[in-house]
Amino acid sequence: HYPLRRQRQMCIRDRDMTVRLTLDNSQVYDLRIINNILRVTWPDDERTVMSEWSTERATLIGALTNEFTLAQAIEKRAIRVLGNTQGSQEFASLFE
């Protein structure tokens, strides 16, 4: 069982996921998870983006201060999702 379990853990750990976030209809960032670390960067058109999000600054602050989760914000449509909804939910669930 050990080799299979180890392989599964590596797949999860080595995940590379990116969501493009537009904040207040003007500022654009890439939220990228690499090896379970969140990196916020300027958009890179060569990067594969799994989904695009749009929200207000107050919504992002609420999620960062644990007023609610990213998944709850998506569910209530405080974060608008363009593209892969399932991928967005998976991305958001990593923060719970």
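**Leu23, Arg47, the core and the pocket**

Leu23 is in contact with Tyr29, Thr55, Glu56, Arg57 and Leu60, leaving aside its neighbours within four places in sequence. The model in which these contacts occur is a predicted one. Leu23 belongs to strand 1, and its C-alpha lies 5.5 Å from that of Glu56, although the two residues are 33 residues apart in sequence. Leu23 has a relative accessibility of 4% and therefore counts as buried, the limit for that class being under 20%.

In soluble globular proteins, nonpolar side chains tend to be buried together. The present model has a largest nonpolar core of 13 residues. Within this core, the members that touch the most others are Leu31, Trp53, Leu70, Ile74, Ile79, Phe91 and Ala92. Two or more core residues come from each of strand 1 (16-23), strand 2 (27-34), helix 3 (70-75) and helix 4 (85-93).

The surroundings of Leu31 can be followed in more detail. When residues up to four places away in sequence are not counted, Leu31 touches Met17, Thr18, Val19, Leu21, Leu38, Arg39, Val40, Trp53 and Phe91. Two of these partners, Trp53 and Phe91, are also listed with Leu31 among the core members that touch the most others.

A buried position is also found for a charged residue. Arg47 is placed in the loop between strand 3 and strand 4. Its relative accessible area is 18%, so Arg47 is classed as buried, under the limit of 20%. The side chain of Arg47 makes a polar contact of 2.8 Å with the side chain of Asp30. Asp30 is also one of the residues that Arg47 touches, together with Thr18, Arg32, Thr41 and Trp42, again without counting residues up to four places away in sequence. Thr18 appears in the contacts of Arg47 and in those of Leu31.

Attention now turns from side-chain contacts to empty space. Rolling a probe the size of a water molecule over the atoms shows where such space is left. The largest pocket has a volume of about 350 Å³ and a lining of 18 residues. Nearest its centre lie Leu38, Leu60, Ala63, Leu64 and Leu70. By class, the lining comprises 13 nonpolar, four polar and one charged residues. At least two lining residues are supplied by each of strand 2, strand 3 (37-41), strand 4 (51-55) and helix 2 (57-64), with helix 2 giving the largest share, four residues.

Several residues link these descriptions. Leu60, near the centre of the pocket, is a contact of Leu23. Leu38, likewise listed nearest the pocket centre, is touched by Leu31.

How values were computed
Residues are numbered from 1 along each chain as its sequence is written. This is a predicted model: local features need pLDDT of at least 70, side-chain atom pairs count only at pLDDT 80 or more; totals for chains, interfaces and linings use all residues. Side-chain values use heavy atoms; hydrogens and water are left out. A nonpolar core is a set of buried Ala, Val, Leu, Ile, Met, Phe, Trp, Tyr and Cys residues joined through side-chain atoms within 4.5 Å. Buried means under 20% relative accessible area, exposed over 50%, partly exposed in between (1.4 Å probe, protein chains only). Contact means heavy atoms within 4.5 Å. On a 1 Å grid over the protein atoms alone, a cavity is a set of points where a 1.4 Å probe fits but cannot get out, and a pocket is an open set with protein on both sides within 12 Å along at least five of seven lines; lining residues have an atom within 4 Å of a point. Grid points are joined across faces, edges and corners, and a volume is the space filled by probe spheres set on the points. A polar contact is a pair of N or O atoms within 3.5 Å; within protein, one must be able to donate a hydrogen and the other to accept it, and residues adjacent in sequence count only if both atoms are side-chain atoms.
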